[in-house]
Amino acid sequence: MDKTMLEINGQGLKKQLSPMSVWALAFGCVIGWGSFINPGKKFLPNSGVAGTAIAMALGALVMVVIAFSYAYLIPKYPKAGGEFTFTRQCYGKIPAYICGWFLVAAYLTNVPMNSTAIPLIIDGIFGKEVLAWGFSYDIAGSTVTLGGIIIAGFILILFGFLNVLGVKKAGYVQTVLSTLLIVCVFSLFIGALCSPYFSFEHMKPVWGVDKSLTPWGENQNVGAAILATFAIAPWAFVGFDTIPQASEEFKFSYKKVIFIMIIAIAFGCFVYVSNNTVTAAVLDNWPELLQEDKNRWLLLEAARKIMGTPGVVLVGTGVSCAVLSGIMGFYLASSRLMYSMSKQGYLPPLFGKIDSKYGTPKNAIIFCVIVSLAGPILGREALGWFVDMSAIGASIGFLFTSLATVHVLKRDKDSGKWLMIMGILGVIFSAAFIILQLVPIPGLSGVSFGWQSYVMLGVWVAIGIVFYFMQRKKMQ
């Protein structure tokens with residue numbers, strides 16, 4: 001047992017996670033609300049059916065390449081912290097702090113963002129009047145109601161409590177949610193294929209529509225259509241990289257990690273492509289619907305057209321499982337990252353303490369819950385500015401992990417030409433993602449940050465610098 005862990009906590013994290021629970025952790029984090037709402041909001045407008053399918057397949061392939069680096073490093077550093085731990089061991093304090101600080105943003109912001117989807121799900125399925133009680137206000141173009149705040153806050157507290165109770169219970173809940181999610185999406189896909197409304201003709205324009213939401217026609221820039229969605233792959237697949245955060249709690253061989261990651265990525269790719277394809281193939285007038293309202297929940301309309309009420313139930317159940325599994329999974333990943341950073345002196349000791357009864361980093365989980373409760377209050381649009389950093393944080397984690405793989409292969413003189421190639425490719429892809437997200441490129445809609453997100457990024461960096469100087473003498 002790690003000496004530092006003994007000194008801080010008196011005990012370590014318990015090994016209670018099964019392979020199925022770890023798959024559920026990764027897949028549940030990969031798939032969230034966005035996979036159900038973005039067919040109408042991002043994917044069909046920017047890339048269409050063909051562009052989205054190609055982009056997601058390419059994105060999944062890139063994530064698999066990067067996953068090999070994770071699978072190589074986890075057995076060498078089987079401690080909570082994942083990318084932060086890899087970077088600290090290979091490159092020292094400052095790179096580790098940069099990696100850890102941005103990963104905190106990547107993981108933690110996904111919890112409140114998922115929580116803001118809960119009122120939207122209720123509004124879309126049952127009508128806005130259900131939560132339209134108490135006071136309400138508008139922030140950044142988003143309406144926030146007291147009913148929405150209370151229901152989302154209740155879910156956040158409940159799932160935080162489940163995380164405190166122990167990783168075994170949390171893993172069981174995560175497995176149920178993730179399994180039900182994939183069953184719902186697959187059932188909807190089969191239902192659409194068997195429906196008389198399904199037609200390949202409805203998918204046109206297959207490469208999407210332009211910024212004014214009018215068809216591009218046959219001579220559009222196909223490469224731009226694909227790249228517009230491919231560039232957000234780190235956001236779309238962020239979650240498979242939560243696996244190393246829980247590596248200290250695995251009760252199985254680390255040899256299984258790569259297979260678990262690949263299956264989680266593949267299932268995630270299927271959900272994105274399936275939901276997008278079903279939406280376009282069933283709704284023959286989806287370009288016109290987008291002209292009327294770019295925020296319409298087109299997948300729900302397609303499901304209602306295919307099956308009526310059962311279709312609505314399928315989508316409602318699936319998206320609810322996606323949101324809840326995302327909250328559960330990112331709570332676990334965020335708290336383990338903060339726990340690891342704390343025990344190495346990068347965060348206050350409070351976050352590094354393990355609950356003697358449940359064997360979980362209770363203080364870190366409680367902190368995550370408190371921060372996340374701001375989500376339902378701020379509303380989805382305002383929070384979206386901050387959450388844009390999730391993709392940047394994930395890309396930085398990918399970059400440092402790939403660099404660490406190259407470093408360790410050279411240092412330990414391991415015979416792994418294949419792994420070296422994977423590591424170098426991971427470095428190239430990760431750097432490309434960061435550039436695509438930070439540098440505006442004409443013609444690529446919805447890829448780079450808006451000005452509000454640049455401001456939030458600057459604020460996060462500034463806070464990180466202050467925190468670094470507060471903690472630097474304690475860092476190990």
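T85 sits in helix α5 of this predicted model. With a relative accessible area of 5%, T85 is buried. Leaving out residues up to four places away in sequence, T85 touches Y77, K79, A80 and S340. As for Y97, its C-alpha atom is 9.9 Å from that of T85, with the two positions 12 residues apart along the chain.

Let's stay with α5 and bring in its partner. Helix α5 covers residues 83-91 and helix α6 covers residues 93-108; their axes come within 8 Å and cross at roughly 170°. That angle is why α5 counts as roughly antiparallel to α6. If you want to click through the contact, the α5 side consists of E83, F84, T87, R88 and Y91, and these meet K93, P95, A96, C99, G100, L103 and Y107 on the α6 side. Sorted by chemistry, the residues of this contact are seven nonpolar, two polar and three charged.

Further along α6 you find A105. A105 is buried too, at a relative accessible area of 1%. Try drawing a C-alpha distance from A105 to I392: the two are 287 residues apart along the chain, yet the separation comes out at 9.0 Å.

Now hop over to S334, which lies in helix α16. S334 counts as buried because its relative accessibility is 3%, and the cut-off is under 20%. Once neighbours within four places in sequence are set aside, S334 is in contact with Y107, L108 and C368. Y107 is also one of the α6 residues that meet α5.

Helix α16, residues 309-343, has another role to play in the picture. The largest nonpolar core has 147 residues, and F36, M63, F237 and F240 are the ones with the most contacts inside it. Helix α16 supplies the largest share of this core, 17 residues. Take F237 as a way in: not counting residues up to four places away in sequence, F237 touches V30, M56, G59, A60, M63, I265, G268 and C269.

Next comes a second helix pair, α4 (residues 48-73) and α13 (residues 257-282), which pack at an angle of about 170° with their axes 9 Å apart. These two are therefore roughly antiparallel to each other. The make-up of the contact of α4 with α13 is 20 nonpolar residues, four polar and no charged.

What about the cysteines? The count comes to zero disulfides. Take C99: the closest cysteine sulfur belongs to C90 and is 11 Å from the sulfur of C99, which is too far for a bond because a disulfide needs the two sulfurs within 2.5 Å. C269 is in no disulfide either, as the nearest cysteine sulfur, that of C29, is 18 Å away. Both cysteines are buried: C99 has a relative accessibility of 0%, and C269 has 13%.

One last stop is in the backbone. Most peptide bonds are trans. Going from K204 to P205, though, the peptide bond is cis, with omega near 0°. If you are looking for P205, go to the loop between α10 (167-193) and α11 (222-230).

Note on methods
Residues are numbered from 1 along each chain as its sequence is written. This is a predicted model: local features need pLDDT of at least 70, side-chain atom pairs count only at pLDDT 80 or more; totals for chains, interfaces and linings use all residues. Side-chain values use heavy atoms; hydrogens and water are left out. Axes are lines fitted to C-alpha atoms, for helices over the stretch in contact, and angles run from 0 to 180 degrees between N-to-C directions. Helices (H or I, at least four residues) and strands (E, at least two) are DSSP runs, numbered from the N terminus. Angles under 35 degrees count as roughly parallel, over 145 as roughly antiparallel, 65 to 115 as roughly perpendicular and the rest as oblique. Contact means heavy atoms within 4.5 Å. Ala, Val, Leu, Ile, Met, Phe, Trp, Tyr, Cys and Pro count as nonpolar, Asp, Glu, Lys and Arg as charged, and the others, Gly among them, as polar. A nonpolar core is a set of buried Ala, Val, Leu, Ile, Met, Phe, Trp, Tyr and Cys residues joined through side-chain atoms within 4.5 Å. Buried means under 20% relative accessible area, exposed over 50%, partly exposed in between (1.4 Å probe, protein chains only).
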